[in-house]
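Trainee: I'm new to this one, so could you take me through one spot in close-up? Pick a single place in a loop, tell me what surrounds it, and then show me how it fits into the rest.

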Amino acid sequence: MAVAPPSYCFVAFPPRAKDGLVVFGKNSARPRDEVQEVVYFSAADHEPESKVECTYISIDQVPRTHAIVISRPAWLWGAEMGANEHGVCIANEAVSTREPAAETEALLGMDLVRTGQSVLDLPVRRSWN
């Protein structure tokens, strides 16, 4: 079995990025024939005690989720990378470990990326002057 190429994130800050902008990006090491979607989800209010269906499990839903735009493999709920309406950007990275994975279904790293984008509203801020 061929080993997937590594994936990398990058961030460009001023003065490298023009007009005071911050540029965030990521390549993907997903299979080349896997469909990647770029999807927008509006901000939403949710019913108390409601659940959200992630890739393999359900978790408690928060009362309000932020608007997000994500890139994701079409078959899963989570996100490879994305940003929300507050400027929070998050990307998925592989983690190497020597510990065996549990045999139970759980949240994927990509589920955590989407969950974080949906609820976080405080991006790291810095003065560029």
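Mentor: Let's start at Ser50, which you'll find in the loop between strand S4 (44–45) and strand S5 (51–53). Keep in mind that what you're looking at is a predicted model. Is Ser50 buried or exposed? Ser50 counts as buried because its relative accessible area is 19%, and the cut-off for that word is under 20%. What does Ser50 touch, once residues up to four places away in sequence are set aside? The answer is Ile59, Asp60 and Gln61. Ile59 and Asp60 fall within the range of strand S6 (58–60).

Now look at Glu49, which also belongs to the loop between S4 and S5. With a relative accessible area of 79%, Glu49 is exposed, so the loop holds a buried Ser50 as well as an exposed Glu49. Glu49 has another feature to check: its phi is near 65 degrees, a positive value in a residue other than glycine. Most residues other than glycine have a negative phi, and most peptide bonds are trans. Both of those habits are broken elsewhere in this model too. Asp19 has a positive phi of about 60 degrees, although it isn't a glycine. Asp19 lies in the loop between S1 and S2, and counts as exposed because its relative accessibility is 74%. The loop between S1 and strand S2 (23–26) also contains Pro15, which is joined to Pro14 by a cis peptide bond with an omega of about 10 degrees.

Back to our part of the chain. If you carry on past S5, you reach Tyr56 in the loop between S5 and S6. Tyr56 is partly exposed, at 40% relative accessibility. Not counting residues up to four places away in sequence, Tyr56 touches Trp75, Glu105, Ala106 and Leu108. Tyr56 and Ser28 sit 28 residues apart along the chain, and their C-alpha atoms are separated by 21 Å. As for aromatic pairs, the structure holds 0 of them.

There is a ring with a charge over it, though. The charged end of Arg114 sits over the ring of Phe41, 4.1 Å from its centre. Arg114 is one of the buried residues of H1, along with Met110, Asp111, Val113, Gly116, Gln117 and Ser118. What do the buried residues of H1 pack against? Their partners are strand S3 (36–41), strand S7 (64–65), strand S8 (68–73), strand S9 (81–84) and S10.

Val113 leads us to the largest nonpolar core, where its four companions are Val39, Ile68, Ile70 and Ala79, giving 5 residues in all. In soluble globular proteins, nonpolar side chains tend to be buried together. Take Ile70 from that core: beyond its neighbours within four places in sequence, its contacts include Val39, Phe41, Ala79, Arg114 and Gln117. Asn92 reaches some of this neighbourhood as well, with Ala79 and Val113 among its contacts beyond four places in sequence. You'll find Asn92 in the loop between strand S10 (89–91) and helix H1 (109–119). Asn92 counts as buried because its relative accessibility is 18%.

Finally, zoom out. The protein has 1 helix and 10 strands, and read along the sequence they run β-β-β-β-β-β-β-β-β-β-α. Of its 129 residues, 30% count as buried, Ser50 being one of the buried residues. Contacts with a separation of 6 or more come to 56% from residues 24 or more positions apart. The exposed surface is about 9400 Å², of which carbon and sulfur atoms supply 56%. How confident is the predictor? The average pLDDT is 88, and 91% of the residues score at least 70. S4, on one side of our loop, has the highest mean pLDDT among the elements at 97, while strand S1 (residues 9–12) has the lowest at 89.

Note on methods
Residues numbered from 1 in each chain as written. Predicted model: local features only at pLDDT ≥ 70, side-chain atom pairs only at ≥ 80, totals over all residues. Heavy atoms only, no water. Phe/Tyr/Trp six-rings, centres within 6.5 Å; stacked < 30°, edge-to-face > 60°. Lys NZ or Arg CZ within 6 Å of the ring centre and 35° of its normal. Core = buried A, V, L, I, M, F, W, Y, C linked by side-chain atoms within 4.5 Å. Buried < 20%, exposed > 50% of the residue type's maximum accessible area, 1.4 Å probe, protein only. Contact = heavy atoms within 4.5 Å. Helix = DSSP H or I, 4+ residues; strand = E, 2+ residues; numbered from the N terminus. Areas by Shrake-Rupley, 256 points an atom, 1.4 Å probe, with all protein chains shown as cover. pLDDT = per-residue confidence, 0-100.
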